[in-house]
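Reader: I'd like a close look at one part of this model: the surroundings of the ligand. Could you walk me through that site, and then add whatever else is worth a glance?

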Amino acid sequence: MEFVFHNPTRVFFGSGKIGVLGTELQKRGAKKVLLIAGGGSIRNNGVYDQVVESLKEAGINWIEAWGVQANPTLEKVREIIALAHREQVDSVLAVGGGSVIDSGKAVAAGFYMEDIWKAVTDEERIKAALPVYTVLTLSATGSEMNSFAVITNSETTHKAGLGSPLLYPVFTIIDPSVQASLPFRQTVSGALDATAHILEYYFTEENAIATNAINTALLKTIMEMTDRLQENAADMVARSNLAWCATLALNGISGVGHQGGDWACHTIEHAFSALKPQIAHGEGLGVIFPAWIEYMNQKMPGRFLGWAKDVWDEDNVCRALHKFREKISAWGAPTSLRDLGLQAEDLPVLLEMITASGTLGGFSKLESADIEALLMLAY
Ligand code: NZQ
Ligand code: ZN
């Protein structure tokens, strides 16, 4: 196996860490930052007040862009880029979950481009970006410590990613205590997203033994911590460990030696949440991933046995899969496309959206007929 591992993001982790924000920005020469936020959760849980206090203490100027929606849109990103130009900001400060951070990254790169969508369609390479700083309020995507962003072009219902080494956040503040305000539904969605990030790599390369030993531990810890949070939302040990697992699930560590992973399930899910933006990304993955394992297990029997044994203590993939589905259901998350609010008439539309870019999956190599079968299995 050959790989390059590099992750430059500095993480400040722990309760009260938002207090370091102002001085850390000051150290890096920030003078006027663009604070990007979502629909208002940070006003309700005190995060906004902590951020503003820290900025004021350090004498940092800022302007604010609110209203990034879950499953963020290209249109909003364009609007914020225009604001960033008008106000001549020197850095981006994203305060929120993955949607806010992804929008922040797209704004940071789009600031120097004719049109940020060209980075998604590969028509233009990202050559410069404003520095990105983040305060994470929802552990799920790993965006706080990776170089990717996912946005939706609502006009074409196309949701896809962009990435550049320039988009690693310079630093990220993760204070797990601010996640106590999350509805359990969002905690679960985050746990399922982190689980899916690990599974996208898990089956690709059988010789990535060290990486998968870490991944097995992450999968089990995510489950255990989510169970604990279902019992007691104020369990800060569980909240902190779940937060760190979610960061490790997509900051490069979980993919070492896995040749880029598979990502078919992510491409499929992105079509669900592009078509119906009220679908939480993690919930969509909680539906499609078990179906994908079931489908792929028929094609490649044997490949999923290690997962069954190491994660579920089962020597039979069907029984492991049953336990996986039961866990998702016990957390109250959707287990079918119908549960997600998708109808039979949506299936051909989804199929067209998903197959628009050809064969899917670095390892599973799904053709149109496979995807159709998979959607039926998940329906
Ligand atoms: O908008 P606000 O008011 O902030 O409310 C949010 C939102 O409604 C709320 N929330 C966040 N922190 C909270 C809170 N509510 C109470 N207390 C808190 N502490 O949670 C809701 C969902 O937020 P969102 O940011 O949409 O969730 P998530 O972090 O799951 O991000 C999902 C987006 O990230 C993309 C997904 O496709 C989706 O668009 N992804 C990004 C990736 C990346 N950059 O690497 C990889 C992922 O695979 C994924 O595709
Ligand atoms: Zn994901």
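Author: Here is a walk through the ligand site, followed by a few notes on backbone angles and cysteines.

Keep in mind that this is a predicted model. Around ligand 1 there are 32 residues, and the closest of them are G39, G98, S99, D102 and S181. If you sort that shell by character, you get 10 nonpolar residues, 19 polar ones and three charged ones.

Where does the shell around ligand 1 come from? Domain 1 (10-178) and domain 2 (182-378) each supply at least three of its residues.

Now for the polar contacts. G98 comes in through its backbone: one of its polar backbone atoms sits 2.7 Å from an oxygen atom of ligand 1. K159 uses its side chain instead, with an N or O atom there 2.8 Å from an oxygen of the ligand. On the nitrogen side, a nitrogen atom of ligand 1 is 3.1 Å from a backbone N or O atom of V178. As for how covered the ligand is, ligand 1 on its own would expose 960 Å², and the protein buries 89% of that. Four elements put two or more residues each into the shell: the helices α5 (98-110), α7 (184-202) and α10 (264-275), plus the strand β6 (148-153).

Next, the backbone angles. Two non-glycine residues with positive phi are worth a glance: N71, with phi near 60 degrees, and Q88, at about 50 degrees. N71 belongs to the loop that runs between β3 (61-65) and α4 (74-87), while Q88 is in the loop between α4 and β4 (91-96). So α4 has one of these residues in the loop on either side. Their surroundings differ in exposure: N71 counts as buried because its relative accessibility is 9%, under the 20% cut-off. Q88, at 54%, is over the 50% mark and so counts as exposed.

Finally, the cysteines. A disulfide is a covalent bond between the sulfur atoms of two cysteines. With a cut-off of 2.5 Å between the sulfur atoms, the model has zero disulfides. C265 shows this plainly: the nearest cysteine sulfur belongs to C318 and is 17 Å away, so C265 is in no disulfide by that cut-off. C265 is also buried, since its relative accessible area is 0%. C245 counts as buried too, because its relative accessibility is 5%.

How values were computed: Residues are numbered from 1 along each chain as its sequence is written. Chains are lettered from A and ligands numbered from 1 in the order in which they are written. This is a predicted model: local features need pLDDT of at least 70, side-chain atom pairs count only at pLDDT 80 or more; totals for chains, interfaces and linings use all residues. Side-chain values use heavy atoms; hydrogens and water are left out. Buried means under 20% relative accessible area, exposed over 50%, partly exposed in between (1.4 Å probe, protein chains only). A residue is near a molecule or strand if one of its heavy atoms lies within 4 Å of it. A polar contact is a pair of N or O atoms within 3.5 Å; within protein, one must be able to donate a hydrogen and the other to accept it, and residues adjacent in sequence count only if both atoms are side-chain atoms. Accessible areas come from the Shrake-Rupley method with a 1.4 Å probe; for residues, only the protein chains shown count as cover. Ala, Val, Leu, Ile, Met, Phe, Trp, Tyr, Cys and Pro count as nonpolar, Asp, Glu, Lys and Arg as charged, and the others, Gly among them, as polar. Domain bounds come from an automatic or database domain assignment.
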